[in-house]
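Here are some exercises to work through with the model open in your viewer. Try each task before you read its solution.

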Amino acid sequence: MNIIDSFFLSINYEVFFPQILTYIKEYLDCEQVFISQLNYQGEQENIIDFQGNIYNSLSKNDQDNYEIYKPVVSYLNQLKNGYYTHQDKLTFNDDTAPLKRAELAFPLILKTPEFKNLTPIKIWGILFIYDYNYLRAWTPEEIKDIQDIVNHLIIGIERNILYKKLIALQEELNNCQILDEITGLAKYNTFIDCLDYEWRRLAREKQPLSLVLIELNHPENLIDNLKKEVSIIIQKQLKRPTDLPAFYQHNQLIILLPNTDNTGALWIHKQIMKQIDQEFKKMDNCEYYFSIITQIPKLDDKYYDLLMLLELPLIQKKNNERIYNKNLVNN
């Protein structure tokens, strides 16, 4: 492995950029080396220099050192590859004329075809090299060596983009695994994992745990929209990071409230129900039922027994309604 290859062991370009830029500066014995990262419009977004500084905006003192000129960017865009030097014949007016310096600029163009689907950026950035000896001419050997380094830089940039894309996809996958697609709340398995943890923790600390179960009754074709709206209401009312709202089963939502006694659970339930009542007034054929239970866990007890007790009032209510409706039919 040569010295250039060793700079690209890190996927994070903020680590290897300063090293490679320092190497270029020392190799060419020049005053300034930096990369201008461009945005989607081809405008300067960030400056990364050989000292590891990353500038989002430049102070007046830095503008001369890191100034880039739009005609140069346009020139490189038209080339699509290659490079620009101060010896190239570009027409500058008095307002845009560069300072008297020897310049060398290489576009950083992503080369892997698949990247066209990942980013619409035509030129990711530009490597700028300045020498304030305006009479200096860059030799073919120097240009070839820097072009080789640029090819390595592009590989490093592509690796970094892929890495960030992978992290984003992993986060998205994790969210799909732990969040219910309709409500955006935790899935049942995630809820059980949290309940198991909190049950054992609160048993050791001898602190209460409360559960609130809400069942929604609405026409089947509209129930998903109602679950979404109620889920948003619940999330807005819960203030503590340890409180966990989750999709329970069918049309039921559940709220896990660690370190919460029955008074606290009733207060939270009241706030949520106040908002749900207002939402239900806008809808026809909507009903909801709820059940609340509080217990100080014991390590020998099973939280599944608590869940059964929590569900019992709703089951009994359904059975009573079925009996009532049956009697109406018989009569």
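**Exercise 1.** Work out whether Arg201 is buried or exposed, then find its partners.

*Solution.* This is a predicted model, so every value here is computed from predicted coordinates.
- Step 1: The relative accessibility of Arg201 is 15%. Buried means under 20%, so Arg201 counts as buried.
- Step 2: Place it. Arg201 belongs to helix 6.
- Step 3: Check the side chain for polar partners. It makes a polar contact with the side chain of Glu198, at 2.6 Å.
- Step 4: Skip residues up to four places away in sequence, and Arg201 touches Pro258 and Asn259.

**Exercise 2.** Find the strand order of the open sheet and say which strands stand at the edges.

*Solution.*
- Step 1: The sheet has four strands in the order 8-9-7-10, and the pairing is antiparallel.
- Step 2: Strand 8 (244-249) and strand 10 (287-295) each have a single partner strand, so they stand at the edges, and one side of each has no neighbour in the sheet.
- Step 3: Going from one strand to the next, the twist averages 20°.
- Step 4: Now see what packs on the sheet. Helix 6 (residues 188-205) touches strand 7, strand 8, strand 9 (252-258) and strand 10, and its direction makes about 25° with that of strand 9.
- Step 5: Helix 8 (residues 262-280) lies across strand 7, strand 9 and strand 10, and runs at about 170° to strand 10.

**Exercise 3.** Go through the strand pairs: how many bridges join each, and which residues can you use as register marks?

*Solution.*
- Step 1: Strand 7 (residues 209-217) and strand 10 are joined by nine bridges. For a register mark, take Leu216, which stands opposite Tyr288 in strand 10.
- Step 2: Strand 7 and strand 9 share seven bridges. Here Leu209 has Pro258 of strand 9 as its bridge partner.
- Step 3: Strand 8 and strand 9 are joined by five bridges. Phe247 is paired with Leu253 in strand 9.

**Exercise 4.** Determine how strand 9 is covered and which way its residues point.

*Solution.*
- Step 1: Count the buried residues: seven of seven, so strand 9 is mostly covered.
- Step 2: Sort the side chains. Gln252, Ile254, Leu256 and Pro258 point one way, while Leu253, Ile255 and Leu257 point the other way.
- Step 3: Both groups are buried.

**Exercise 5.** Where do Asp29 and His250 lie, and are they buried or exposed?

*Solution.*
- Step 1: As background, most residues other than glycine have a negative phi.
- Step 2: Asp29 is not a glycine, yet has a positive phi of about 50°. It lies in the loop between helix 2 and strand 1, and with a relative accessible area of 62% Asp29 is exposed.
- Step 3: His250, also not a glycine, has a positive phi of about 50°. His250 is part of the hairpin of strand 8 and strand 9, which has two residues between the strands. At 63% relative accessible area, His250 is exposed.

**Exercise 6.** Describe helix 8: how long is it, what caps it and what covers it?

*Solution.*
- Step 1: Helix 8 has 19 residues and spans 26 Å from first C-alpha to last, close to the 27 Å expected at 1.5 Å a residue.
- Step 2: At its N-terminal end, Asp261 acts as the cap, with a side-chain oxygen 3.3 Å from the backbone nitrogen of Thr263.
- Step 3: The buried residues include Ala265, Ile268, Ile272, Ile276 and Phe280.
- Step 4: Their cover includes strand 7, helix 7 (223-237), strand 9 and strand 10.

**Exercise 7.** Which residues of the largest nonpolar core touch the most other members, and which element gives the most to it?

*Solution.*
- Step 1: The core has 29 residues. Those that touch the most other members are Phe17, Ile24, Trp124, Leu127, Ile129, Ile146 and Leu153.
- Step 2: Helix 2 (13-28), strand 1 (32-38), strand 5 (102-108), strand 6 (125-131) and helix 5 (140-178) each supply at least two residues.
- Step 3: Helix 5 gives the most, with eight residues.

Notes: Residues numbered from 1 in each chain as written. Predicted model: local features only at pLDDT ≥ 70, side-chain atom pairs only at ≥ 80, totals over all residues. Heavy atoms only, no water. Pairing = 2+ DSSP bridges. Axes fitted to C-alpha atoms, helices over the stretch in contact; angles between N-to-C directions. Contact = heavy atoms within 4.5 Å. Buried < 20%, exposed > 50% of the residue type's maximum accessible area, 1.4 Å probe, protein only. Core = buried A, V, L, I, M, F, W, Y, C linked by side-chain atoms within 4.5 Å. Expected span 1.5 Å × (residues − 1). Polar contact = N/O pair within 3.5 Å; in protein donor to acceptor, adjacent residues only side chain to side chain.
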